[in-house]
Amino acid sequence: NRSYASSVKVVVMTDDGPIGHGSGNLFNYYNEFFVITAAHVVNENLNYLLQEGDGNVVSCRVIYRDIGNDIAIIKPYGEFLSTISSPYLVNMQKDLIAKEVYYAGNPGDLSHVAIRGWIAESNRNRIIMQSFAWPGSSGSVVFDAAGRVVGVVNAIPLVPNFYEGTMMPMSQIVMVQRLEVLPRKT
């Protein structure tokens with residue numbers, strides 16, 4: 001429930017309108033509200049809007065971007081009408097193999113889709129999740145069954161498409177960057 005209730009679409013804007021999107025989740029920590037997404041979803045030189053499932057749009061600004069760990073934090077400015085922030089509680093267990101996890105995102109043309117998966121491999125930095133994802137899912141925060149944050153969806157491996165001679169997403173394997181306690185400076 002927390003993954004779905006806190007899910008937002010991160011819309012990339014130019015003067016001509018939207019040019020793409022990713023996903024993120026709204027959190028609260030000591031009465032501060034923020035959205036966590038993947039760093040590759042946002043760029044400090046572009047503008048963004050946060051869109052709720054009901055279509056309401058909230059302005060925002062990127063306040064933290066860690067390219068090495070592919071994690072970013074966005075500060076919202078405005079009122080959310082339907083999105084419910086989740087408390088920022090982190091699962092710090094190192095071994096999460098075979099645990100059930102959940103995320104909600106905005107893949108392709110779909111909006112606020114809830115996804116379930118299982119952890120195939122985990123360590124302190126990264127998780128390989130057996131689940132489903134495609135472009136637009138990036139930035140979705142992954143939650144465990146207790147509603148704690150596990151990580152952020154940041155990649156879908158590509159495999160050869162032998163019929164067309166191109167690369168295609170391997171949609172049943174999802175790479176997740178682990179999240180721990182955020183640096184105090186953020």
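**Exercise 1. Place S122 and find its partners.**

S122 sits in strand β9, where a strand is a DSSP run of E with at least two residues, a helix is a run of H or I with at least four residues, and both are numbered from the N terminus. Before we go on: this is a predicted model, so local features need pLDDT of at least 70 and side-chain atom pairs count only at pLDDT 80 or more, while totals for chains, interfaces and linings use all residues. Residues are numbered from 1 along each chain as its sequence is written, and side-chain values use heavy atoms, leaving out hydrogens and water.

Task: is S122 buried or exposed, and which residues is S122 in contact with, leaving aside its neighbours within four places in sequence?

*Step 1.* With a relative accessible area of 14%, S122 is buried. The cut-offs: buried is under 20% relative accessible area, exposed is over 50%, and partly exposed is in between (1.4 Å probe, protein chains only).

*Step 2.* Contact means heavy atoms within 4.5 Å. Skipping those neighbours within four places, you get K94, D95, L96, I97 and I127.

*Step 3.* Now zoom in on the side chain of S122. One of its polar atoms lies 3.1 Å from the backbone oxygen of K94, and a polar atom of this side chain is 2.8 Å from the backbone nitrogen of L96.

**Exercise 2. Sort out two positive phi angles.**

Task: where do A98 and H112 lie, and is each one buried or exposed?

*Step 1.* Most residues other than glycine have a negative phi. Yet A98 has a positive phi of about 75 degrees, and H112 has one of about 55 degrees.

*Step 2.* Find A98 in the loop between β7 (86–87) and β8 (100–105). H112 is in the loop between β8 and β9 (113–122).

*Step 3.* Check the cover: A98 is exposed at 57% relative accessible area, whereas H112 is buried at 9%.

**Exercise 3. Look at the whole chain.**

Task: how many helices and strands does the protein chain have, and which residues have the most contacts inside the largest nonpolar core?

*Step 1.* Count the elements: one helix and 15 strands. Of the 186 residues in the chain, 46% are buried.

*Step 2.* A nonpolar core is a set of buried Ala, Val, Leu, Ile, Met, Phe, Trp, Tyr and Cys residues joined through side-chain atoms within 4.5 Å. The largest one has 30 residues, and F27, I36, V42, L50, I74, Y88 and V149 have the most contacts inside it.

*Step 3.* Don't stop there: a second, separate core has eleven residues, including L96, M129, V142 and V153.

Conventions
Polar contact = N/O pair within 3.5 Å; in protein donor to acceptor, adjacent residues only side chain to side chain.
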